[in-house]
Amino acid sequence: MSEQLQFGFASLANGPEEVRMGTDKIISGITRQDWLEPVEDRLQKLLHEGFARGGSGGQKIKNLLHGTWLGHPLHVILTDVPIGAWTVGLVFDFLETTSGRKEFAAAADASITIGLVGAAGAAITGLTDWQDVDPPARRVGLVHGMLNLLGTSLFLASRVMRKRNSRAAGRRLAIFGYTVASAAAYLGGNLVYEQQIGVDHTSGQKLPENFEKVLPESELPEGKLKRAEHNGVPILLVRRGKRIFALAETCSHLGGPLSEGKLSGDSVQCPWHGSRFALEDGSVLDGPAVHPQPCLKARIREGQIEVRKITDSDIAKSTNNIEDSRSPKKSSKKAGNKTGTSG
Ligand code: FES
């Protein structure tokens, strides 16, 4: 074990400041375990190849496991199942040992089984997310996964021992498993709160409330991704015929620059991990992203492209426009309008 990791664990026995320093040391100790790099590379490659081999079906499964359909990372939801069920299992174990009642033993066993099923779901979704995580968070993610695997194996062994009527051994294994799973959960928290994995990377960006100039119209060529800026916030512009689309340029997944990505039909693909967003409304078409891109309304005034945030009334109007477009007369009139808008 490295000196940093040893110092980190030793500090955990002291006050809050020491605990904080200790946990920081543990995380930085983990990120320095360079011997894990080939394992990370190989595993990520295997996962990418596995999903890619499935073609569009593989991408659909990937989207399902990321939680693209849910607008929220699925892994984060599923991790609550084993932690919750195993916590309840330990409580029933305690009640069984103090009361000797058989119904508590049955409840403890059932809780551990539920936790094992939840852990399998959390492992599959976690691996799917992890394949698109970059260093240094990638290494913390790998250790988080390995600890979870160990914790789950201990609970599995605990369940087997209970089945064989070695209940005392089963309870001990459950306590070990819970300790390891808690350490894994701590690393999971670090990944989200410190390393911003799974959070919306566009959140907090101040997009203009009112129309603001961001680019001369002449500088936006047809069918090209263009980065503009408003008060330091990057904005992606795309001209398609008479329409101009505008989205937040920072990818919601991990902050990739969408203007350096690929325009594919009416969508933009992030250059970092391949998330695809609809130009029309910023919705996620393909993960790993789960959060939609903020979408802006665009117009041209005096040779300048102006953008502003989409409001609720824009969304209501756009719904009406979808209904109007069923009438051929109204659609052709709209297509003749010089000013293009997104959203
Ligand atoms: S940053 Fe990961 S897909 Fe864009």
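**Reading the strands, helices and loops**

User: Lys-226 stands opposite Leu-237 in strand 3. What makes strand 2 and strand 3 a pair?

Analyst: A pair needs at least two bridges between its strands. In this predicted model, strand 2 (residues 225-230) and strand 3 (residues 233-240) have six bridges and run antiparallel, so they meet that requirement.

User: How is strand 3 joined to strand 4?

Analyst: Happily, the reasoning carries over. Strand 3 and strand 4 (residues 243-248) are antiparallel and joined by six bridges, against the two that a pair requires. Here Leu-236 faces Leu-247 of strand 4. Two residues separate the strands in this hairpin, where Gly-241 has a positive phi near 60°.

User: And what is noteworthy about the phi of Asn-231?

Analyst: Its value is positive, near 50°, in a residue other than glycine. Most residues other than glycine have a negative phi. Asn-231 sits in the loop between strand 2 and strand 3, a hairpin with two residues between the strands.

User: How do you know whether Asn-231 is buried or exposed?

Analyst: Count its neighbours: 9 other C-beta atoms lie within 10 Å of Asn-231. The limit for exposed is 12 or fewer, so Asn-231 is exposed.

User: Why is Gln-196 described as partly exposed?

Analyst: Gln-196 has 14 other C-beta atoms within 10 Å. Exposed means 12 or fewer and buried means 20 or more, so a count of 14 falls in between and Gln-196 is partly exposed. Gln-196 also has a positive phi, about 60°, without being a glycine, and lies in the loop between helix 9 and strand 1 (212-216).

User: Why are helix 3 and helix 4 called oblique?

Analyst: Helix 3 (residues 37-53) and helix 4 (residues 55-66) pack at about 120°, their axes 6 Å apart. Roughly perpendicular covers 65 to 115 degrees and roughly antiparallel starts over 145. The angle fits neither range, and the two helices are therefore oblique. At their contact, Phe-51, Ala-52 and Arg-53 of helix 3 meet Gly-58, Gln-59 and Lys-62 of helix 4. By class, that contact has two nonpolar, two polar and two charged residues.

User: How do you know that the span of helix 6 agrees with its number of residues?

Analyst: Helix 6 (residues 80-99) has 20 residues, and at 1.5 Å a residue it should span 28 Å. The C-alpha atoms at its ends are 28 Å apart, so the values agree. Its buried residues include Pro-82, Trp-86 and Phe-92, and helix 7 (102-130), helix 8 (137-163) and helix 9 (167-193) are among the elements covering the buried residues. After helix 6 comes Gly-100, with a positive phi near 75°.

User: What makes strand 5 and strand 8 edges of their sheet?

Analyst: The open sheet has four strands in the order 5-6-7-8, paired antiparallel. Strand 5 (262-264) and strand 8 (284-286) each have a single partner strand, so one side of each has no neighbour in the sheet. From one strand to the next the twist averages 30°. Strand 8 pairs with strand 7 (residues 276-278) over two bridges, and Phe-277 stands opposite Val-284.

User: Which peptide bond leading to Pro-136 or Pro-288 is cis?

Analyst: Both qualify: the bond from Pro-135 to Pro-136 is cis with omega near 0°, and the bond joining Gly-287 and Pro-288 is cis with omega about 20°. Most peptide bonds are trans. Pro-136 is in the loop between helix 7 and helix 8, while Pro-288 is in the loop between strand 8 and strand 9 (295-301).

Methods. Residues numbered from 1 in each chain as written. Predicted model: local features only at pLDDT ≥ 70, side-chain atom pairs only at ≥ 80, totals over all residues. Axes fitted to C-alpha atoms, helices over the stretch in contact; angles between N-to-C directions. Expected span 1.5 Å × (residues − 1). Contact = placed C-beta atoms within 7 Å. Parallel < 35°, antiparallel > 145°, perpendicular 65-115°, else oblique. Nonpolar A, V, L, I, M, F, W, Y, C, P; charged D, E, K, R; others polar.
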